[in-house]
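I sat down with this one to see how the chain is put together. These are my notes, in the order I looked things up.

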Amino acid sequence: MGARETIRTAVRNVVPPAGLTRALAVQAMVYAVGSGLFHAGSAVFFTRALGLSAAQVGLGLSIAAGVSLLGTVPLGGLTDRYGPQRVWIFGLVLNAALFATYPFVGGFAGFLAVVVALAAVEAASGVAVQVYSINALPPEERVTAMAYQRSSLNVGFGLGAVISGLVLAVDTIEAYRGMVWFISAVFLVTALFVRRLPRLPQVARPTEPMSRLAVLRDRPFMAVSLLSGLLTAHQTLYLTVMPLWILTHTDAPKTIIAGLVLLNTVLIVLLQVRASRGADTASGAARASRRGALLIALFCLVLPISGLTRGALTVVVLVAAATVLILAELIESAGAWGLTATLPPADQRGAYVGAFRLGSQVQYLIAPVGLTALGVTTGGWGWLPAAAIFVLVGLAIVPVVGWAGRTPRLGAAAPERTMTPVP
């Protein structure tokens, strides 16, 4: 392959093809500018602009996470009732309104009301985004389209982080207020993008609609949700546990943490589409999830070596460990998209996608404390049982997905039919 063809291939793996796949990627990037800006500047905004203590911020965000956990399934069911595009747009408009109120929040009670409302909106609209992508595209294009969206999200997150740096440099109350109003405007612009996306015909609803919580009784599917959700611990490992390990157990400079975050962003943008190949069937998605699990286990074995090295060799080991974990993230993410695109029934997709997200919510509750305790506070030996856990998850997920594939879904009315967007 010549240099020109190599460049063309690289471009195809970053720039989505024209049509609906590109439109979805563009809206993802626009949305991520606002989301990335807030994630990078929120801690300072809460403490400087709202005058909250770190303890109050932590408590409020924990309560909001609990609301998201409890509301994911019932609020995800709104997508089945009202349609994904309508729920998606309504969620973006509510997000914009809630962010616009942030500068007027007075005290902890007002802050708590806003973050809880935002968590509830995210629980509903997050499902709607994914269901729209699944319903609007043919099965063979769904995982690739979601990969392009994730690549574009990271571009947007990077742009948002750059803008956040400017806001933090100015460091005035007016700048922080302007930041959240800018984010509000970004969400409104995203809503306009989504409104211009093709409309989908209504999916036929089952003659006997099941309860919004009935999906929790689908044991094979919930087992898949739990196992796949545990694999999203790569996020906790990369953003929380690995930085703590670097700070407490290595002689590497602190600045390497920022460099590894940048490496993550760049590789996701460049490689996510390529890594998603083969995950567009249930069996392919299960195998991708297994590979992701084994790569996470390998990371757990490579990272502690950095505690035994010195100087430049420590940096080399850390970059190697980070690269392994990024590959795990790329492949596991594709596997999760494939599972959500193939296992849920078309007429109950919102409820099932919401239930699938429960697995990652459980991970957010247990992984930060559990993996930090194993990997950091033990001094290093805890990485061995951590690696064993991910090996076991990887070995289990393929047969569990097979079990789910052989078991009829609750509330499924009929086999899926191809959805044709209405211009």
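**Confidence.** I started with pLDDT, which is the predictor's confidence in each residue, on a scale from 0 to 100. I needed it because this is a predicted model. My protein chain averages a pLDDT of 87, and 91% of the residues score at least 70. Where is confidence lowest, and where is it highest? I found the lowest mean, 62, in helix α1 (residues 3–12), while helix α11 (residues 282–302) has the highest, at 96.

**Overall build.** I counted secondary structure next. The protein chain has 14 helices and 0 strands. Reading along the sequence, I just get α after α: α-α-α-α-α-α-α-α-α-α-α-α-α-α.

I then checked the dimensions. The C-alpha trace spans about 65 × 50 × 50 Å along its principal axes. With 423 residues, a compact globule would have a radius of gyration near 22 Å, and the protein chain has 21 Å, so the two agree. I also noted that 50% of the 423 residues count as buried. For the surface I wrote down about 18300 Å² accessible, with 69% of that belonging to carbon and sulfur atoms.

How do the contacts spread along the sequence? Taking contacts between residues at least 6 apart in sequence, I see that 87% join residues at least 24 apart.

**Cores.** Which residues have the most contacts inside the largest nonpolar core? They are L237, F299, W383 and F390, in a core of 57 residues. I traced where this core comes from: α8 (219–231), α9 (233–249), α10 (256–275), α11, α12 (312–342), α13 (349–377) and α14 (383–406) each supply at least two residues. The largest share, 11 residues, comes from α12.

I picked F299 to look at its surroundings. Leaving aside neighbours within four places in sequence, F299 is in contact with L237, M242, P304, A321, V324, L325 and W383. I also noted a second, separate core of 26 residues, which includes Y102, V121, M179 and V180.

**Aromatics.** I searched the whole structure for aromatic pairs and got 18. I looked at F104 and W181 to begin with: their ring centres are 6.1 Å apart and their planes sit at 45 degrees, so I logged the pair as tilted. F104 lies in the loop between α4 (84–101) and α5 (107–136) and W181 in helix α7 (residues 173–195), so this pair ties together parts that are 77 residues apart in sequence. Are these two residues buried or exposed? F104 is exposed, with a relative accessible area of 65%. W181 counts as partly exposed at 39%.

I went on to F221 and F356. Their ring centres are also 6.1 Å apart, but here the planes are at 55 degrees, and the pair is again tilted. F221 is in helix α8 and F356 in helix α13, so to speak a link between distant parts of the chain, 135 residues apart. I checked burial for this pair, and both F221 and F356 are buried.

Which residues form an aromatic cluster? I listed Y31, F38, F45, F46, F99, Y102, F108, F111 and F187 as one cluster. I had already met Y102 in the second core.

**Single residues.** I looked up L216 in the loop between α7 and α8. At 38% relative accessibility, L216 counts as partly exposed. Not counting residues up to four places away in sequence, L216 touches V73, M222 and L358. I took the L358 contact further: L216 and L358 are 142 residues apart in sequence and 9.9 Å apart in space, C-alpha to C-alpha.

P408 came next, in the segment after α14. I have P408 down as exposed, with a relative accessible area of 69%. I also took its spacing to V131, which is 277 residues in sequence and 20 Å in space, C-alpha to C-alpha.

My last stop was D171, in the loop between α6 (139–170) and α7. Its phi is near 55 degrees, a positive value in a residue other than glycine. D171 is partly exposed, with a relative accessible area of 34%.

Note on methods: Residues numbered from 1 in each chain as written. Predicted model: local features only at pLDDT ≥ 70, side-chain atom pairs only at ≥ 80, totals over all residues. Heavy atoms only, no water. Helix = DSSP H or I, 4+ residues; strand = E, 2+ residues; numbered from the N terminus. Core = buried A, V, L, I, M, F, W, Y, C linked by side-chain atoms within 4.5 Å. Buried < 20%, exposed > 50% of the residue type's maximum accessible area, 1.4 Å probe, protein only. Contact = heavy atoms within 4.5 Å. Rg over C-alpha atoms; globule rule 2.2 N^0.38 Å. Areas by Shrake-Rupley, 256 points an atom, 1.4 Å probe, with all protein chains shown as cover. Phe/Tyr/Trp six-rings, centres within 6.5 Å; stacked < 30°, edge-to-face > 60°.
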